[in-house]
Amino acid sequence: MHRRWVVNKTNQEYIAYLSSVSSISPVLAQILVNRGIKTPEAIHSFLNPQVSCLSDPFLIKGMEGAVERIRTAAHRGERVLIHGDYDVDGISATAITLKVLQQSGVDCRYFIPDRMEHGYGFKPHAVEFARKVGASLIVTVDCGITSFDAAALCREKGIDLIITDHHEPMKRGKSGAKSIEQPISQIKEQHSVSFLSAQSSLLLPDADVIINPKISDPNSELSTLSGAGIAFKLAQALSAADKNRVHDLLDLATLGTMGDIVPLWGENRLLVKEGLKLLQNNCRPGIRALKQVAGIEGKTLKTGHLLFTLIPRINAAGRISNAENVVRLLLTDSEDEAVDLSSWLDRCNTERQQIEEVVYQEAMRQLADKGVRSVIVLSSEGWHKGVIGIVASRIAEALYRPTFILSREGTVARGSARSIPPFNIYRALTQCTKYLRDFGGHRQAAGLEVNVSDIHSFEECMNSIAEERLSPEDLVPVLEIDATVDLADITFDLAREFDMIEPFGCGNPEPLLGSKKLEVLYPKVVKDLHLKMKLRQKNRSLDAIGFHMAPIYQKIGTSPAVDIVFTPCVNVWEGNTNLQLHLKAVRPST
């Protein structure tokens, strides 16, 4: 797919100043400025995150009330039900909360909804489950901020409710009425909203305590925490007298933070940087066994290993089975149980991949017949609800269009949506609520429920919004280049500086450098997939490899010079250490 190459530029005198004061290269200074890190103090804080710099959890509104109610439950011997979610963020948040409540002397049970049987979120059936197990307090993690009916039922049944969530709250209409800006039509019909926030623009469930930084401080760094991140802050608040106890939960917070694709800056960066150390050192039998089945045992763990090996396996259970056993895997002290459960997860993941590929191919055939519009909406009877989110992601990435994949079942379709950076899919959905039965989510991802009879009208509504908001340029992906360099600038020191920016992820991507007018020497295809060559500029030449770039071999071989986008790396092979360019894009020079 064609991409627009865009080079980020800053006043070079200021870059030289930051480089000198912070003792870093001008290239690294430019990269940090591109990430909004623009002062020597901010640079020092970013490059040297410390656990001691974790924010005070009591800065989050509702935290004090939650801690007091949980400690009361422990004192009275009450039973508490922790309600989680079936993805890695919800599972990790459940494990964190379960562990810290048990350590605080609370009698706990936990409930993870079944995707097929219960659907997403905190719903009335979970309240009935709480009554069945004798719980007098429910603590939700990674869900609940739009669970009006379940909250109302808690109030009716005399069960206290603490909601911890990081999803977007509902907003009132501009006129003050419950208007089309509400995400779910049932709320308009049933008038089940029983609590209005102090900021009259928000509609919140009638819970005893709500912890959600998007409500209390929507512009702070804490508002970007994942569900597991907020669960970690609750654990931090409950463990104020024993900081080592909460430190041991950083690995679980890292899994949830990476799995939910939240920005890796501020508190999130700190959580992941420290949590990776625990994940590397195999502190848990479950993580150790999972790394073994994933084939990454003994490797230096990077965020990519989490995103492409561990997290897909953890998510697989909730996609095609029940995720409750994954909580057991994360918390077990038994090596045998860890091996059994991780092997089961690996099998689930293999099955998930097979199902996903079938649905993806069917969706692409349907799209070929239908044609590509500004927003892609595809639906079919029987598409497995556990994989439609991944299929939506693949299509959105391949075609750079907001994508909805819906699985029809009788008169109702349930689906997942994935977007592109210029298009806020959650905001767009708030303008289509008359066609929706239910929905929730974020700027870039959402889940929804719609009557089959309304799918066409919904598609037209969504495309109308996209055509109004998106320019033709918005529908062309951008390749953002952090800095332009000459090959002479690429050194071992620069490659090592890149290690200082890790962990990479949302909001802190792997830095990309650009260089122009390089001579291609000895290009060849490796293993039928990859493109390997030597690149020369003036008197400097370096090895380069482009993974999965074999298709451009002919074009490169006939070009007198090329421009490249790359990341410099240190390559160790058969005892030899050398610099290598990992190519991300190549084009003929003009």
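These legends accompany an overview and several close-up views of a predicted protein model.

**Figure 1. Overview of the predicted model.**
The protein has 22 helices and 21 strands. Its radius of gyration is 25 Å, close to the 25 Å that the globule rule gives for 590 residues, so the protein is as compact as a globular protein of that length. The C-alpha trace spans about 80 × 55 × 50 Å along the principal axes. Of the 590 residues, 55% are buried. Among contacts with a separation of 6 or more, 67% are between residues 24 or more positions apart. The accessible surface comes to about 25600 Å², and carbon and sulfur atoms account for 49% of this area. The protein carries 67 positive and 70 negative charges, and the mean positions of the two sets are 3 Å apart.

**Figure 2. Close-up of aspartate 85, in the loop between β2 and α5.**
Strand β2 covers residues 79–83 and helix α5 covers residues 88–103. Aspartate 85 is buried but has no salt bridge. The nearest side chain of opposite charge belongs to arginine 115, 7.0 Å away; a salt bridge would need a nitrogen within 4 Å of a carboxyl oxygen. Beyond the neighbours within four places in sequence, aspartate 85 is in contact with Gly90, Ile91, Thr94, Ile112, Pro113, Tyr120, Val141 and Asp142.

**Figure 3. Close-up of the salt bridge between glutamate 335 and arginine 288.**
This pair belongs to the 31 salt bridges found in a search of the whole structure. The N to O distance between the two side chains is 2.4 Å. Glutamate 335 lies in helix α17 (residues 335–370) and arginine 288 in helix α14 (residues 285–294), so the salt bridge ties together parts that are 47 residues apart in sequence. Glutamate 335 is partly exposed, and its relative accessible area is 39%.

**Figure 4. Close-up of the salt bridge between glutamate 449 and arginine 437.**
The closest N and O atoms of this pair are 2.8 Å apart. Glutamate 449 is in strand β14 (residues 445–451) and arginine 437 is in strand β13 (residues 436–441), so the pair ties together parts that are twelve residues apart in sequence. Glutamate 449 is buried, with a relative accessible area of 12%, whereas arginine 437 is partly exposed at 28%.

**Figure 5. Close-up of the salt bridge between aspartate 493 and arginine 496.**
Both residues lie in helix α21 (residues 492–501). They are three residues apart, about one turn of the helix. The closest N and O atoms of aspartate 493 and arginine 496 are 3.0 Å apart. Aspartate 493 counts as exposed, at 52% relative accessibility, while arginine 496 is partly exposed, with a relative accessible area of 45%.

**Figure 6. Close-up of a network of salt bridges.**
The residues linked in this network are Arg69, Arg76, Glu78 and Asp160.

**Figure 7. Close-up of leucine 54, in the loop between α3 and α4.**
Helix α3 covers residues 40–47, and helix α4 covers residues 63–76. Leucine 54 is buried, with a relative accessible area of 16%. Leaving out neighbours within four places in sequence, the contacts of leucine 54 are Phe232, Gln236, Glu267, Leu270 and Leu271. Glycine 266 is 212 residues away from leucine 54 along the chain, yet their C-alpha atoms are separated by 9.2 Å.

Key:
Residues are numbered from 1 along each chain as its sequence is written. Side-chain values use heavy atoms; hydrogens and water are left out. Helices (H or I, at least four residues) and strands (E, at least two) are DSSP runs, numbered from the N terminus. The radius of gyration is taken over C-alpha atoms; the globule rule is 2.2 Å times the number of residues to the power 0.38. Buried means under 20% relative accessible area, exposed over 50%, partly exposed in between (1.4 Å probe, protein chains only). Contact means heavy atoms within 4.5 Å. Accessible areas come from the Shrake-Rupley method with a 1.4 Å probe; for residues, only the protein chains shown count as cover. Lys and Arg count as positive and Asp and Glu as negative; His and the chain ends are not counted. The place of a charge is taken as NZ of Lys, CZ of Arg, CG of Asp or CD of Glu.
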